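Please examine the sequence and the model below before reading on. The paragraphs that follow lead through the fold, its sheet, its core and the surroundings of its ligand.

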Amino acid sequence: MLGHHGSGARAGRNADRRLEAVRSGEASLLPATDIPAPAAPPSARASATGTRRAPLGGARVTYGFPNTTTAIVKGVQFALNPGESLAVIGPSAAGKSTLIKMLIGTLAPSAGAVRLDGADVHHWMREDFGRYVGYLPQAVELFEGTVFRNIARMGEAHPEQVFAAAQLAGCHEMIMRLPLGYETEIGENGQFLSGGQRQLIGLARALFGNPKFVVLDEPNSNLDGESEKNLIGALEKLKALGTTVVLVSHRPGLVQHVDLVLMMRDGAVEMFGPRTDVLNRVIAPSVPNNRPSTEVRVAKVTAPARRERSLAAS
Ligand SMILES: Nc1ncnc2c1ncn2[C@@H]1O[C@H](COP(=O)(O)OP(=O)(O)O)[C@@H](O)[C@H]1O
Ligand SMILES: [Mg+2]
């Protein structure tokens with residue numbers, strides 16, 4: 001158990017190993033150093049409340065694409081505790097993917113802020129962020145190169161790390177059936193693979209390196225029943241590892257395996273709360289509620305979001 005050792009001592013040993021590896025030119029072959037999350041800016045620290053860590057949350061976020069007048073995401077706010085999983089559901093064009101891109105810092109909110117472990121995701125160094133976050137976009141983009149390099153995010157990696165990610169994603173056997181296994185060239189944007197194969201390799205890439213926060217945008221849109229079962233297995237393993245997961249999906253099969261559900265419509269939160277509560281109200285109103293009712297933690301927000309600065313200071 002690592003807990004018996006001081007984290008300072010462990011960090012010191014890791015630093016020694018890294019230094020040695022740098023000398024021998026093998027630095028990139030080592031697993032990512034266990035560095036602490038980037039320090040929260042003072043304003044975010046001041047706004048943190050209580051003793052319970054809320055790794056994902058922040059001020060109400062609003063987003064409008066440049067040169068447009070309508071907001072695509074309107075005053076959305078929610079919080080996730082470490083290890084919790086959330087499904088974002090809602091009709092097409094509701095703003096789900098846009099919200100997801102703000103959660104991982106790809107899009108900067110027009111108003112509001114997203115915080116992970118108290119730090120605005122926009123203040124993270126992108127390189128560091130990649131170690132903590134695994135993202136599978138709705139339209140998977142793969143690189144020209146081998147399956148191995150794609151899962152390893154085009155960096156160097158130990159084979160065991162890559163195999164572990166593929167096994168977690170349930171695509172190790174599929175990869176082994178490719179002409180050259182992990183060394184198979186996938187072509188420009190993975191053109192030599194089927195849609196389902198691309199999605200599975202994108203999933204393995206998202207899970208590579210055991211990120212603490214995994215974000216999957218419609219991960220099962222191209223998957224067959226067997227692969228979807230594997231994906232559910234992966235969600236269960238992530239839960240056991242204490243990984244925080246946000247996914248977008250329409251399929252009840254997948255949504256059944258998350259803790260919380262956020263229903264979006266026209267860019268706003270229509271419902272947010274424990275899965276059973278939300279699904280009972282949205283998808284199957286006739287099914288009796290077999291769980292005690294829990295307070296819905298975030299109400300629909302219609303008021304315009306305040307500026308980030310004033311929110312962070314409040
Ligand atoms: N780059 C863009 N510029 C302008 N509007 C966009 C852009 N990307 C997406 N949109 C619009 O934003 C809305 C929400 O899109 P999206 O977040 O992808 O919805 P969802 O994932 O729920 O289907 C859609 O109406 C879409 O047309
Ligand atoms: Mg989408």
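The protein chain contains twelve helices and eleven strands. The model is a predicted one. Of the chain's 314 residues, 40% count as buried. Among contacts between residues at least 6 apart in sequence, 70% join residues that are at least 24 apart.

The sheet offers a suitable starting point. Strands of a sheet pair through backbone hydrogen bonds, in either a parallel or an antiparallel manner. Here six strands form an open sheet with mixed pairing, in the order β7-β8-β9-β4-β10-β11. Because β7 (133-136) and β11 (268-274) stand at the edges and each has a single partner strand, one side of each is left without a neighbour in the sheet. On average, and with direction ignored, neighbouring strands of this sheet are turned by 15 degrees against each other.

At one edge, β7 pairs with β8 (residues 213-217) in the parallel sense, over four bridges. Within this pair, Tyr 135 stands opposite Val 215 of β8. Helix α8 (residues 195-207) packs on the sheet here and touches both β7 and β8. The direction of α8 makes about 170 degrees with that of β7.

At the other edge, β10 and β11 run antiparallel and are joined by six bridges. Leu 260 has Pro 274 in β11 as its bridge partner. The hairpin of β10 and β11 has two residues between the strands, and Asp 266 in this hairpin takes a positive phi near 50 degrees. Helix α11 (residues 275-282) lies across β10 (260-265) and β11, and runs at about 130 degrees to β11.

Attention may now turn to the interior. The largest nonpolar core has 80 residues, and those with the most contacts inside it are Ala 169, Ala 204, Leu 207, Val 215, Val 261 and Leu 262. Helix α8 gives the most to this core, with six residues. Val 215 of β8, already met as the residue opposite Tyr 135, is thus named again among the residues with the most contacts inside the core. With its neighbours within four places in sequence left aside, Ala 169 is in contact with Leu 200, Leu 203, Ala 204, Leu 207 and Ala 234.

Another part of the chain to consider is strand β2 (residues 61-63), in which Thr 62 lies. Thr 62 has 22 other C-beta atoms within 10 Å and is therefore buried, the cut-off being 20 or more. Thr 62 and Gly 267 are 205 residues apart along the chain, yet their C-alpha atoms are separated by 8.7 Å.

Helix α3 (residues 96-103) is mostly covered, with six of its eight residues buried. These are Lys 96, Thr 98, Leu 99, Ile 100, Met 102 and Leu 103. The buried residues of α3 pack against β2, β3 (73-76), β4 (85-89), β8, β9 (244-248) and β10. After α3 comes Gly 105, with a positive phi near 80 degrees.

What surrounds ligand 1? Its shell consists of Phe 65, Thr 68, Ile 72, Ser 92, Ala 93, Ala 94, Gly 95, Lys 96, Ser 97 and Thr 98. By character, these residues divide into four nonpolar, five polar and one charged. Lys 96 and Thr 98 belong to this shell, and both are also among the buried residues of α3.

Terms used:
Residues numbered from 1 in each chain as written. Chains lettered and ligands numbered in written order. Predicted model: local features only at pLDDT ≥ 70, side-chain atom pairs only at ≥ 80, totals over all residues. Near = placed C-beta within 6 Å. Nonpolar A, V, L, I, M, F, W, Y, C, P; charged D, E, K, R; others polar. Pairing = 2+ DSSP bridges. Axes fitted to C-alpha atoms, helices over the stretch in contact; angles between N-to-C directions. Contact = placed C-beta atoms within 7 Å. Core = buried A, V, L, I, M, F, W, Y, C linked by C-beta atoms within 7 Å. Buried ≥ 20, exposed ≤ 12 C-beta atoms within 10 Å, placed from the backbone.
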